[in-house]
Amino acid sequence: MACARKWLNRVMADSLGILLAGITLVISCALLAKVMHGPNVYWFGNWYPHGSVIVGISFLADPISIGLAVLAATLTLLSLIFSWRLLGSGSNYFQPLMLIFLAAMSGFCLTIDIFNLFVFFELMSTAAFALCGLKIEEPAPLQGSFNFAVTNTIAAFLVLTGIALLYAVTGALNMAQIGLALGARHDPLVLFAFALLTCGFFVKAAIVPFHLWLPDAHAVAPTPVCVLFSGLMVQLGLLAVARLRFVVFAQTFASHETSLQTIFHFLGILTVLVGGLMCYSEHHLKRMLAFSTICHMGIMLLALALGGALGFAAMLAYLVGHAFVKGSLFLTSGILLHRLRAIGERSLFAKGKVLRWTAALWFLGSLGLAAAPPFILMTGEAGISKAAEQMSRSWISEICMLGGMLTSAATLRIGMHTFFGWGEEPITDEASEIGELPETASEDRRIFWYQFVPALISISIPIVLFVTPLWLSVLRNESAVFTRQSAVLHLVYLGGPVTGQLPAWNETFKASAVRGAVAFFLAILLACTSVFRHRLKRTFRIGAFLESGLRPLRVMQSGHPGDYVLWLTIGLSIMGTISVILLRS
Amino acid sequence: MPDILHLAPYYVAAWLFFCGLYGLVSSRHLVHSVICLAILQSSTYILLLGIGYRIGGAAPIFADIDPGKLTVDPIVQALMLTDVVVEAVVVALLLAMVVKAHEKSGTVSPDELRTLRG
Amino acid sequence: MRERIRVRTFLVFGGLFLFLFCYAVANLPPWGSYRGPYGDVISRVSVYERHATDAVNAVNYDYRAFDTLGEEFILFTAVLGVMMLLRREEGTVTRDAGKVKDNIRLSTTVRVTAMPVILLTVIFGFYIGLHGQLTPGGGFQAGVILASIPFLLYVCENTETFRRITSHTAVEVIEALGASSYVLIGMTSLVMGAPFLSNFLPLGTTGDVFSSGTIALISVCIGFEVTAAFLLVGYTYLEEIITGELPEE
C-alpha cells in the first residue's frame, strides 16, 4: 500500500484501508471459529522443537488471543470508517500506519516467544508514535507524541533488559521453555527481571506511577487513533503481564501468591484513585477520557491480581466491554469536535442542544462506564466480586464501584453541560484551553453517517454480547487453560489438545447489577453537585471541589518529559526493591 | 576483586542505564533527550552481548572452523544486529518530532514547551 | 517541578535502582561462561540444516525470520513516520527552494579522494549483501553501507545531485517493495503448504554464494529496503532544512 501511496487519491486510499482491515477481520473470525475446538500452536518456518530446546518462534493461537485480535481488527475497522476524509492525513500516510498498528497488536496477542513479544511491542509503539503526531499544524501534538515516545521507549528497553536477564539464566526465548527452566528459582536476579518486565509493561498499561504519558498522548492524537489507544493498545500491556505471570513466572510465585497479590492490589487501587480523581477534574474531553482509561486499567489490574482463571476471565470480559464503550465515547467526542469545533468543556457549553442522537450515545457511554447492567462491563465486575469474595477481599468490588462512579460522573457532567446546557459556565483550566484544530474540512458540518454509525456499532456491541452469553463459557474454559502453566507447556511441546473448566459466576450478577445501578445513581448525584454548584450550599459542592483538581496530582502531570522519567524511575526502583525483598523465600 | 572483573560488563551496562536515565531527567534540550535514549539502548546491547560471550570461543562463522567447536552465542548477536539499525531509524523519528516542535514553537527546551501542563 | 528538586530526587531513586541492578546482576553466571542450550544447538545444526556457515544470519533470516520481519517493519514504520511528520501540507509557507546553490565548494583533494572511495563502497556493499549467509554481513549491514553512497556524493558534489538521486519516486517504491517482498517470500511458503517463512529454495552447497535457500534472498530484499529507507530519511531531513517553514518568533 505504501508504494502506491503517491498515486492514490484520498477516496481510494481510504477504501483500500477499510478493505484490508475488513479482510483482516474476516480472517481473524475464521481463525477464531477454527480454534474453538482447542488451542493450536503454530511454528514459524517449520521449526519444531529440537528435543527440549525450542529453536523457532511460535504463535499460540487460543480463542483468547484470537479473540483479542478480532477485537483489534474490529476497532481498527470502525476507526478507519470514522476517518473517511479526515483532515490532515494527507499524502495517505495514515492508512498504512493504521494497518501496521493493527498487525502489531494482533501479533502481540498471539505470540508465545518473549523476544517476538518485544519486537511487536516496539512495532506497536513506533506506529503509535507516528500516528499520535499526525496533526503537525499545532505544537501540542508533537510534544505529546514526544513524551509518549520517550516513556514508551524506556519501557521497551526495560523489557529488553528483563529478557536479557532471563535469557542469561535459562538460555531460552520461548515463554514456555523459560517457565520450565526457571522452575521455582527465587534469587534476586529472577525477581529483578520480573520487576523490570512488569514495570516495562505497566508503562504501556498506564498504571500509576507510569501513567503520565497517556493523557498527553490522548489529548493530541486524532480521534480514531485515540479509539485504538484506549481500546486495546493500553490493555495489551496487562495481557503481557498476564502471560508472563501465568506462563513464565508461574512456579516462581507459587509460594508467594499473597505478597504478589498485595503489590498488584496496591498499585491497582492507586491507579483507580488517581485516574478517577484526575478524570473528574479534567475539562478537556479527550484528556478526561484518557484518565478514565487509566482508572479502568486500575480496575483491570485488580481483576488480574486476584489471580487464577476467574480473575483473568473477569478481566477479559471487562476489557472487551471497556474497549467498545470507550471507543464509542471517543468517536462521539470526535463527532462533537467535527460538529461544534471545540473540545473543551467551557467552549462546548450548551452548544450540543440540538444533537439528540449524539447525546443518546454519550449518555449510554456513561452508563457503560459505571458498569451498569446492559453492558458486559457488568459481567466482568461480577467476576471480580466473586473472585474477591473467594479471597476474602470483597472491598475490591467497592473500589471498582468507586472508580466507575467517578469516571461516569465526569462524562455525565460534561454531557449535562454540553447537551442540556444546565448550570452556569463550567470551571475550566489551562489544559482545556488548548483547543484543537478541527479534524474535518469546515464546509460541511452535518454529521455524516460514517461518523455516527461506528460509534453506534461500538456502543451496541457490549450490549449484544451481554444479551447473548454463549461466548462466556468459551471464555471461562479458555481462561482456565491460559492460566495454567502446565497446560501451556503441554500445548507447546506436545501440541496436544487441552481443555479447561471454570464454573460460571452467575450468582454474583444480581449484586453487580445493583452495584452498577448504585454507581450510576451516585454518579448522577456527583455530576449534579458540580453542575448546579451555584444553587447549593458550600458544604454540598463536592463536585465543584473535586473538579478544580487536587493540586499535587496536577503538579505531577506537568508535561515535562524529565518529570515523567523521574516518576518512572521512582516506580521502577520501588517495585524492584519490593520484589527483591518481599518475594525472597 | 576477581568477582567484580567477572561481572564487569554487566556493571557497565547498569551504569550506562543509570546515566541515560539521569540525562533524560536533567535534560534541557530535546535533542539531548533523544541521544540519552540512544545511551539506554547501548546499555542493553552491552548486557546482551556480555551474556552471550564465551571465553576462548570463536565467532560463530563456520566457513573455516568445524561446527562442533566452541563458539560464542549467535543468538544474542542476531537479536542485537537488527536492533541497531532499527533503533537508528527510530531515533530519526524522534528527532523529526523535535525538528517539527522547534519549527512550531521556536524552542527546543522542554521547560518552555509546556502546553500540556496539568 | 523545579529542576534541582527533580534531579536530586532522581539521584536518590536512580541510585537505588542502580544498586538493585548491580545486586541482581551479581547472581549472573560469570562473564564468559555462557551455558544456555539455545546457542549451542544452533551452532551445531545450522550448517547441516541450512548449509549456511554464518550462524548469526541463519538465526536472523531463518530460525527467527519472523522477528526480523517485525524489526524490518519497525524500520519501515519509522521511515513512514518521519516522512509523515516532515510532510508538506498544502497552504504552508515555505522558503523558496528553487535551485539550491551551495556557497562552499569543497577542496579538490576531498572531491578527488571521495570518488575512489565511492567506488570501493559500492563494491564492498554489494559484497557484504550477497555474502550474508557465509560471513558476517547480510542485508541490514549492506543496506547501511550502500545508503552512504549518495551521502558521499553529497560531500564531493553538491546538494543538487543528492536531491536528484534521492527524490526520485523509485526510492519510495523500492523501499515498499523490499518490505513487501519479505512478506511475499513468507507467503510463498504458505502457498507451498509449509508454515509461513519456511525455507523452500534449494539449499545448494555450503560455502557457495547461492546456498542456503531463502536466507540469501531475504537478505538481498532487506538490503534494498534498508538502503531505500535511509535515503528517504536523509532526503526528508534535507528537504525540511532547505524548504523549511520559517519558525515563529
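No salt bridges turn up between chain B and chain C in this predicted model. Polar links are not missing, though: 4 residue pairs are in polar contact across the boundary, counting pairs with both residues at pLDDT 80 or more. Three helices of chain B, namely α2 (8-25), α3 (30-52) and α4 (74-105), each bring at least two residues to the side that touches chain C. Of these, α4(B) gives the largest share, with 23 residues. Sorted by type, the residues on that side of chain B come out as 37 nonpolar, 9 polar and 9 charged. In total, 55 residues of chain B are in contact with 62 residues of chain C. Putting the two chains together buries about 5200 Å², and carbon and sulfur atoms give 71% of that area.

So where do salt bridges show up? Counted over all chains, there are 4 salt bridges. One of them pairs Asp113(A) with Arg64(C), whose closest N and O atoms sit 2.6 Å apart. Asp113(A) is in the loop between α3 (94-110) and α4 (114-132) of chain A, while Arg64(C) is in the loop between α3 (55-63) and α4 (65-85) of chain C, so this pair ties two chains together. Neither partner is out in the open: Asp113(A) is buried, with a relative accessible area of 0%, and Arg64(C) is buried too, at 2%.

Arg64(C) has a second partner within chain C, as its side chain also meets that of Asp67(C) in a salt bridge, with 3.0 Å from N to O. Asp67(C) is buried, just as Arg64(C) is. Through the shared partner, Asp113(A), Arg64(C) and Asp67(C) become one network of salt bridges.

Another salt bridge joins Asp563(A) to Arg6(C), with the closest N and O atoms 2.8 Å apart. This pair also crosses between chains, running from helix α23 (residues 561-582) of chain A to helix α1 (residues 3-25) of chain C. Here again the charged partners are tucked away from the surface: Asp563(A) is buried at a relative accessible area of 0%, and Arg6(C) counts as buried at 1%.

Now for the nonpolar side of things. In soluble globular proteins, nonpolar side chains tend to be buried together. The largest nonpolar core in this model takes in 289 residues. Those with the most contacts inside this core are Phe101(A), Phe201(A), Met233(A), Phe249(A), Phe264(A) and Phe312(A). Which residues does Met233(A) touch, leaving aside those up to four places away in sequence? The list has Phe101(A), Met105(A), Met124(A), Ala128(A), Phe148(A), Lys204(A), Trp213(A) and Leu228(A). Apart from the largest core there is another one, of 6 residues, including Ala114(C), Ile149(C), Leu153(C) and Cys156(C).

One helix of chain A deserves a look of its own. Helix α6 (residues 175-182) of chain A has 6 of its 8 residues buried, so the rest of the structure largely encloses this helix. The buried residues are Met175(A), Ala176(A), Gln177(A), Ile178(A), Gly179(A) and Leu182(A). Just after α6(A) comes Gly183(A), which takes a positive phi of about 60°.

How values were computed. Residues numbered from 1 in each chain as written. Chains lettered and ligands numbered in written order. Predicted model: local features only at pLDDT ≥ 70, side-chain atom pairs only at ≥ 80, totals over all residues. Heavy atoms only, no water. Contact = heavy atoms within 4.5 Å. Buried area = accessible area lost by both parts, 1.4 Å probe. Polar contact = N/O pair within 3.5 Å; in protein donor to acceptor, adjacent residues only side chain to side chain. Helix = DSSP H or I, 4+ residues; strand = E, 2+ residues; numbered from the N terminus. Nonpolar A, V, L, I, M, F, W, Y, C, P; charged D, E, K, R; others polar. Core = buried A, V, L, I, M, F, W, Y, C linked by side-chain atoms within 4.5 Å. Buried < 20%, exposed > 50% of the residue type's maximum accessible area, 1.4 Å probe, protein only.
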